[in-house]
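Got your viewer open? Let's take a short walk through this model, one selection at a time.

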Amino acid sequence: MSFFRENIDAMDAYVPGEQPPAGAKVIKLNTNENPYPPSPATLAALGDFDGDALRRYPDAMATAFRQAASHALGVGADWIIPGNGSDDLIMMLARACAAPDRAIAYAVPTFEFYRAQALVEGARRVEVPYGEDFALPVEALAEANAALTFVANPNSPSGTAATVEQLDDLAARLEGVLAIDEAYADFAEQSALPLAKKHENVIVLRTLSKGYSLAGLRLGFAVCGPAIRAGLLKTKAIYNVSATACAVGAAAMADQAHKNANAEKIKASRRRLTESLEALGLRVWPSQANFVMVRPPDGQAEGMYQNLKNRGILVRYFKQPSLQDKLRITVGMDADNAALLGAMAELAGEESD
Ligand SMILES: *Cc1c(COP(=O)(O)O)cnc(C)c1O
């Protein structure tokens, strides 16, 4: 007899991007981390953190953090649910909404963690393929009318984004929950945050991992109304956000100026990187995130990934049918991006020799 449910035995575990050991000399453009440090105010909050607070349990609802987020975003603090990263909120949603007869839908390829959670719950999965242009298949997702629909917007690994109008239309047509994962909202042109107010079935997920340079802190949050909140609080781990994350995250939310300035730098680097990659003959999908999806001219993405890795540059390669000819490249500091472009030009030169 197995220790586990049949669906757990049958599924593969989620494979995170490679994290080389600290101090390793690599240019790391594979997991969409922010290349700039957290704000000085955020680091000061970490330094000032009272160690005695660790003796006690944290505030189960991370109130100080939610108040700072409420102030920064202009939504009520009672509309915010804290998570141990937005991964935690995705798990809470799947546990609350999905079951074998209650489907989870999403367009693919996208963030693999949605599929992992559907498999854990043994939920029926509706995977609608994106076309080569990566336009959100609103019609097919609306028709699927799943208990829980995930849309990563901007999407990963494509970087492309649907408009708020499209998401508004989708929300109106779904009877189930529409979870709009805005992990990359800080680099995007639009946010669907107002839709959480407009539709009781909409929840918007945010994280401090990308825009706020705090992937190691593990802090995310959701914005939703009382109808979704009621269910999520039942699947939430009691103390899912640590006292440290709450205090440091509150300081980070209060310093929007630092986050916005870094986002502007990254968007400018993204524009330059896109132009240079296109000049090298790669196809680059229009990105509203802190990474770009590219296709090398010969479609040999795995070879390019390996050759870059041999030169100490890590990018992300997904060995899947619609992604095997593409790479996802995080926008780094300009020096990192220049090293990447130099290596790519060199590789192209070697090939034509
Ligand atoms: C990075 C990412 C997340 C996870 O964020 P955490 O808050 O670090 O758990 C969620 N969704 C998407 C689409 C992401 O790219």
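Start with a cartoon view: the protein has 13 helices and 12 strands (DSSP runs numbered from the N terminus, with H or I and at least four residues for a helix, E and at least two for a strand). Keep in mind that this is a predicted model, where local features need pLDDT of at least 70 and side-chain atom pairs count only at pLDDT 80 or more, while totals for chains, interfaces and linings use all residues. Residues are numbered from 1 along each chain as its sequence is written, and side-chain values use heavy atoms, leaving out hydrogens and water.

Zoom out for a moment. Along the principal axes, the C-alpha atoms fill a box of roughly 65 × 50 × 50 Å. The radius of gyration is 20 Å, which agrees with the value near 20 Å for a compact globule of 353 residues (taken over C-alpha atoms; the globule rule is 2.2 Å times the number of residues to the power 0.38).

Now select the ligand and the residues near it, meaning those with a heavy atom within 4 Å. You should get Gly85, Ser86, Asp87, Phe111, Asp181, Ala183, Tyr184, Thr207, Ser209, Lys210 and Arg218. Which helix gives the largest share of this shell? That is helix 4 (residues 85-97), with three residues.

Next, show polar contacts to the ligand, pairs of N or O atoms within 3.5 Å:

- Serine 86 uses a backbone N or O atom, 2.6 Å from a ligand oxygen.
- Aspartate 181 has a side-chain N or O atom 2.6 Å from a ligand nitrogen.
- Tyrosine 184 places a polar side-chain atom 2.6 Å from a ligand oxygen.

How much of the ligand's accessible area does the protein cover? Of the 390 Å² that the ligand has on its own, 92% is covered (Shrake-Rupley method, 1.4 Å probe).

Then hop over to the loop between strand 5 (148-152) and helix 7 (164-173), where you will find proline 154. A cis peptide bond joins asparagine 153 to proline 154, with omega about -5 degrees. Proline 157 is in the loop between strand 5 and helix 7 too, and its cis bond to serine 156 has an omega of about 15 degrees. Most peptide bonds are trans.

Last stop: asparagine 32, in the loop between strand 1 (27-28) and helix 2 (40-48). Its phi is positive, about 60 degrees, although asparagine 32 is not a glycine.

Methods. Polar contact = N/O pair within 3.5 Å; in protein donor to acceptor, adjacent residues only side chain to side chain.
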